[in-house]
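Colleague: Please give me a close look at a single part of this model, with the terms made explicit.

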Amino acid sequence: MIWVEVLDRRGHVAARVRCATLPATIGRAWTNDVVLDDRHVDAVHARLVRDEQGALALEDAGSLNGIVTAAGARAARVSVAGPTTVHLGQTAVRLVPADAPVGPAVPLPPATRGLLALVTAPRAALLLVLVGVAAAGVAFWLGDPEAEAPRKAAGGALALAVVVGIWAGVWALVGRATVQRAMFHAHFAAAWLTLLVLELVGVAAGYAGFILDVDGLATLVDAVAAFACCSTLLAAHFALATSMTARRRAAVAIAVVAAIAGAVGLLGEAARGEFEGNDVTIRASVRPVPVAIVRTREVGAFLGETATLQREVDRLAAEP
């Protein structure tokens, strides 16, 4: 017994026919065991037969366009020792003996819960992407004091969307190759959700650091949030694109992000040493803060600090 699989243009099985007795014919006529809807195929195009030794073979039945092997060569007869793909006319046909081995089963997709369920839902993913792009545009606009800020903000948001799309596309290809599911929209939405959370945390930390008058608070919160969000994003990509267990996903994600953070820190220290002493210009926007929550000081204390600062400046100016 042999199975004949008719493949579509992407190589997926469009139809599967079992030939229990041989010889069996393949062609365009309705009298064939396997009927192909292809005008480049003859009425009876080829026959599945067994040779004198009992081996399976596909032989040409005198067709116009013949049998073309996977290597692109035309052949009058093709041995079928295992899964064998040939072209009859413009149709790809795969011949599979009944005793041919099959590959291992693919694990079921992991049960999605929480944020993972959110990004895998198409409507929720679309909403996340739209909110993320809008937030990116606002962030670019607030950070650019120039008159053409709206136009530049739109361009920046579009460029960021392209970068995130490439990132999501790479993960989709990984998922398609490993677990046979691309899930581009989920990877895309997960990346935008991470960027959105990082932006919100950064804004909140900036306000908190200013209101509480705590030096370095915003930097510390940004660093912790970036580590947590990037680790979570990477673990989500692993969940969508691999069959790793939850514990392994978390361990690998944390290790990768920690390694990247360490490398970036070392490069930052090297760059700081190289450019130490040079003037650096920093452009930033000032966010509005309600007067009621701004920390204030008494006039006397402010004047005292000003006098102390003046004396320190005078001392430094007097030094040779």
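Modeller: Two strands are said to pair if DSSP finds at least two bridges between them; strands (E, at least two residues) are themselves DSSP runs, numbered from the N terminus. The model is predicted, so local features need pLDDT of at least 70 and side-chain atom pairs count only at pLDDT 80 or more, while totals for chains, interfaces and linings use all residues. Residues are numbered from 1 along each chain as its sequence is written, and side-chain values use heavy atoms, with hydrogens and water left out.

The part I have chosen is strand E10, which comprises residues 84-88. E10 pairs with strand E7 (residues 67-69) in the antiparallel sense, over 3 bridges. In this pairing Val-86 of E10 has Thr-69 opposite it. E10 also pairs with strand E11 (residues 91-97), again in the antiparallel sense, and here over 5 bridges. Thr-85 has Arg-94 of E11 as its bridge partner.

E10 and E11 form a hairpin with 2 residues between the strands. Gly-89 in this hairpin adopts a positive phi near 65 degrees.

The two faces of E10 can be set beside these pairings. Accessibility is graded as buried (under 20% relative accessible area), exposed (over 50%) or partly exposed (in between), with a 1.4 Å probe and protein chains only. The covered face of E10 carries Thr-84, Val-86 and Leu-88, whereas Thr-85 and His-87 lie on the uncovered one. Val-86, opposite Thr-69, thus belongs to the covered face, and Thr-85, the bridge partner of Arg-94, to the uncovered face.

Notes:
Helices (H or I, at least four residues) and strands (E, at least two) are DSSP runs, numbered from the N terminus.
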